[in-house]
Amino acid sequence: MDIPDVVTLTKDLVAFPTPSRVSNAAISDYLQHLLTGLGFDVERLSYDDQGQEKVSLVARKGAGLGGLGFFSHSDTVPGDQGWNPFTPVEEGGRIIGRGSCDMKGPLAATIVGAARASFTALKHPVVIGVAADEENGYFGASQIVRESRLLGGNWPTHAVVAEPTELVPVYAHKGGTTITVTATGVAAHTSTELGTSANFLIAPFLAEVSGLAPVFKSDPRFLNRQFTPPSFGFNMVLNDFGTKLNVSAGKSVAELSIRNMPDVDNEGAIALITDMAARHGLHSAVHIVDYFHVAPGNDMVQAACRAAAALEPQTVPYGTEAVIYQTRIRNQVVLGPGSIKQAHTVGEWISVDQLHQAVAIYGRLIADICAR
Ligand SMILES: [Zn+2]
């Protein structure tokens, strides 16, 4: 099979409508056929998501152990109104369409870059991973990590997560912690005086927890100057489920969020909130999505800086599936064509020039890492 052109392949992928709520089986069939034709061994992993089949692919080409993996996803956010999201248009040096930048263009660049490698000269294989449901809980990547038999005892030693970074290597990003604090009252009509308002029960906690907002912006224990901004982005939303004013709220919930970071006291910050909730007799539950972090001098990061002719690796404030793959792969970088400013927008686009550059950079990375 001929190696596709990166622009044509990007447009072909954008033309599959794959918002996370629908099945991605059709685009996965297409990619499986393509990767098989290009000489990859392909594994298909799937699960049922409320009647929708969700498929993730793992593909490997080349002999030997370890090697370099490129990880992407085939789902997108919804198409939204006001444009034709799944009819890709090439115009003014850009490809316009939903997923062009996040991240079907980057995915196309990894496939073309890998397909062009001269495998006879390489000692280690190249892996392509394409996950389902990145925009919706990282379920596909989690399934790859848990269940891939193709990778099994032979995971790549190095990996690129190909999210759009404008081809600047990224060595760290924040995580996300959600703390859900719940007050339970007794709902009753206020004329009866038989109720207990959950809002009155949670209010003293809300007053006290508000005092943490300035602390989280100023206490050095909670700041990491490698990030812009250096703080947690501490936030709170409230929900009493639309209780009417003549009813005492049966339940009131405060959700608090912290963008956890390396080298700060995340556990201490979470404990400040959960201990406070306990003192007020409230129930709390904590859900943590880890941050991604390797040293700026990490082997993969430095290889990426050389391949992309970048002076310095950077951090970003958004999350990626690097947090899932870091449980298996120590040497990781986030590096992809396109700008995150375009992701999830109406009129999303990617620069054709960035796509061609990405193919070249990924090729140089393979020639470096897989030939050692
Ligand atoms: Zn993405």
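## Helices H3 and H10 and a neighbouring three-stranded sheet

In this predicted model, helix H3 and helix H10 cross each other in a right-handed sense. Two packed helices are described by the angle between their axes and by the distance between those axes. Here H3, which spans residues 100-115, and H10, which spans residues 352-369, pack at an angle of about 45°, and their axes are 8 Å apart. An angle under 35 degrees would count as roughly parallel and one of 65 to 115 degrees as roughly perpendicular, so H3 and H10 are oblique to each other.

The residues that meet at this crossing can be followed on both helices. On the H3 side they are Gly-105, Pro-106, Ala-109, Thr-110, Val-112, Gly-113 and Ala-114, while H10 contributes Leu-355, Ala-358, Val-359, Tyr-362, Gly-363 and Ile-366. Sorted by class, the contact of H3 with H10 holds nine nonpolar and four polar residues, and no charged ones.

From the helices we can turn to the sheet. Strands of a sheet pair through backbone hydrogen bonds, either parallel or antiparallel. In this case three strands, in the order E4-E5-E16, form an open sheet with antiparallel pairing. Because E4 (89-91) and E16 (349-351) stand at the edges and each has a single partner strand, one side of each is left without a neighbour in the sheet. On average, neighbouring strands of this sheet are turned by 25° against each other, if direction is ignored. Three bridges join E4 to E5 (residues 94-96) in the antiparallel sense, and Val-89 stands opposite Ile-96 in E5.

Helix H10 also links the two parts of this description, since H10 lies across E5 and E16 and runs at about 60° to E16.

Technical notes: Residues are numbered from 1 along each chain as its sequence is written. This is a predicted model: local features need pLDDT of at least 70, side-chain atom pairs count only at pLDDT 80 or more; totals for chains, interfaces and linings use all residues. Axes are lines fitted to C-alpha atoms, for helices over the stretch in contact, and angles run from 0 to 180 degrees between N-to-C directions. Helices (H or I, at least four residues) and strands (E, at least two) are DSSP runs, numbered from the N terminus. Angles under 35 degrees count as roughly parallel, over 145 as roughly antiparallel, 65 to 115 as roughly perpendicular and the rest as oblique. A crossing is left-handed if the near helix is turned anticlockwise from the far one by less than a right angle, and right-handed if clockwise. Two residues are in contact if their C-beta atoms, placed from the backbone, lie within 7 Å. Ala, Val, Leu, Ile, Met, Phe, Trp, Tyr, Cys and Pro count as nonpolar, Asp, Glu, Lys and Arg as charged, and the others, Gly among them, as polar. Two strands pair if DSSP finds at least two bridges between them.
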